[in-house]
Amino acid sequence: QGTTHTVSEQRRQALAIERLRGLPPHHAWLVYRHHMPRAVRLDPWWASPEAAVIAVSIEAAAAWLRPQDRPGVPPALQRRIARKRRLQRIWRAALRDAAAHDDGVSP
C-alpha cells in the first residue's frame, strides 16, 4: 500500500459562533465569495414601499370585482358576502398582528 500526503491551509475563523447566535431580529450575515462576512439588516418585504403599492392595486382590483357593488344583487348573497368580508378582515388583522410581533426566529 502506498502512502498519502495531504497539504491544507489552516485558516482563522472569520466569524465566531457566538456572533452568529447573537443576531437581533431581521439581521443576518452576508457571506459572499472571498469577502469578509458583513452584518446586514433584512427588512420584511411587506414593510417596503413596493408592498404598499401592490396592496393598493390588489384592493382596487378586489373592489372592482365585488358583486355587491353591482345593482340587482339578491339579499341572501349580500349577507354571505358581508360575512365573508368580516372573516377576511379578521384574517388580515391576525396576519398584520403576527407580522408586527415577528421576532425573526423560525421554528
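In the predicted model, S48 counts as buried, because its relative accessibility of 16% falls under the 20% limit. S48 is located in the loop that runs between strand β2 (38–41) and helix α2, and a polar atom of its side chain is placed 2.7 Å from the backbone oxygen of W45. W45 itself belongs to a nonpolar surface patch of about 470 Å², which is formed together with W46, I54 and I58. Of these residues, I54 is situated in helix α2, which spans residues 49–65, and the relative accessible area computed for I54 is 39%, so that I54 is classed as partly exposed. W45 thus appears both in the polar contact with the side chain of S48 and in the nonpolar patch.

Burial of the kind found for S48 applies to 9% of the 107 residues in the chain. The accessible surface of the chain amounts to about 10,100 Å², and carbon and sulfur atoms contribute 58% of that area. With regard to secondary structure, the chain contains three helices and two strands, which follow one another along the sequence in the pattern α-β-β-α-α. Among the contacts in the chain with a separation of 6 or more, 14% join residues that are 24 or more positions apart.

The confidence of the prediction varies along the chain. The mean pLDDT of the chain is 77, with 78% of the residues reaching 70 or more. When the elements are considered individually, the lowest mean pLDDT, 78, is that of helix α1 (residues 17–21), whereas the highest, 88, is that of strand β2.

The contacts of strand β1 can be illustrated by A28, a residue located in that strand. The C-alpha atoms of A28 and V40 are 5.5 Å apart in space, while the two residues are separated by 12 residues in sequence. V40 is also one of the residues that A28 touches once those up to four places away in sequence are set aside, the others being L23, R38, A39 and L42.

Two residues in the loops on either side of strand β1 are notable for their backbone torsion. Most residues other than glycine have a negative phi. H26, which is not a glycine, nevertheless has a positive phi of about 65°; H26 is found in the loop between α1 and β1 (27–30), and its relative accessibility of 22% places it among the partly exposed residues. R33, likewise not a glycine, has a positive phi of about 45° and lies in the loop between β1 and β2. With a relative accessible area of 69%, R33 is exposed, because this value is over the 50% limit.

A search of the whole structure for salt bridges returns one. This salt bridge is formed by R41 and D43, whose closest N and O atoms are 2.8 Å apart. Side chains of opposite charge can pair when their charged atoms come close. The two partners fall into separate accessibility classes: R41, at 48% relative accessibility, counts as partly exposed, whereas D43, at 53%, counts as exposed because it passes the 50% limit.

Conventions
Residues numbered from 1 in each chain as written. Predicted model: local features only at pLDDT ≥ 70, side-chain atom pairs only at ≥ 80, totals over all residues. Heavy atoms only, no water. Patch = residues over 30% accessible without salt bridge, like charges linked within 9 Å, V, L, I, M, F, W, Y side chains within 5 Å. Areas by Shrake-Rupley, 256 points an atom, 1.4 Å probe, with all protein chains shown as cover. Salt bridge = Lys/Arg side-chain N within 4 Å of Asp/Glu carboxyl O. Helix = DSSP H or I, 4+ residues; strand = E, 2+ residues; numbered from the N terminus. Buried < 20%, exposed > 50% of the residue type's maximum accessible area, 1.4 Å probe, protein only. Contact = heavy atoms within 4.5 Å. Polar contact = N/O pair within 3.5 Å; in protein donor to acceptor, adjacent residues only side chain to side chain. pLDDT = per-residue confidence, 0-100.
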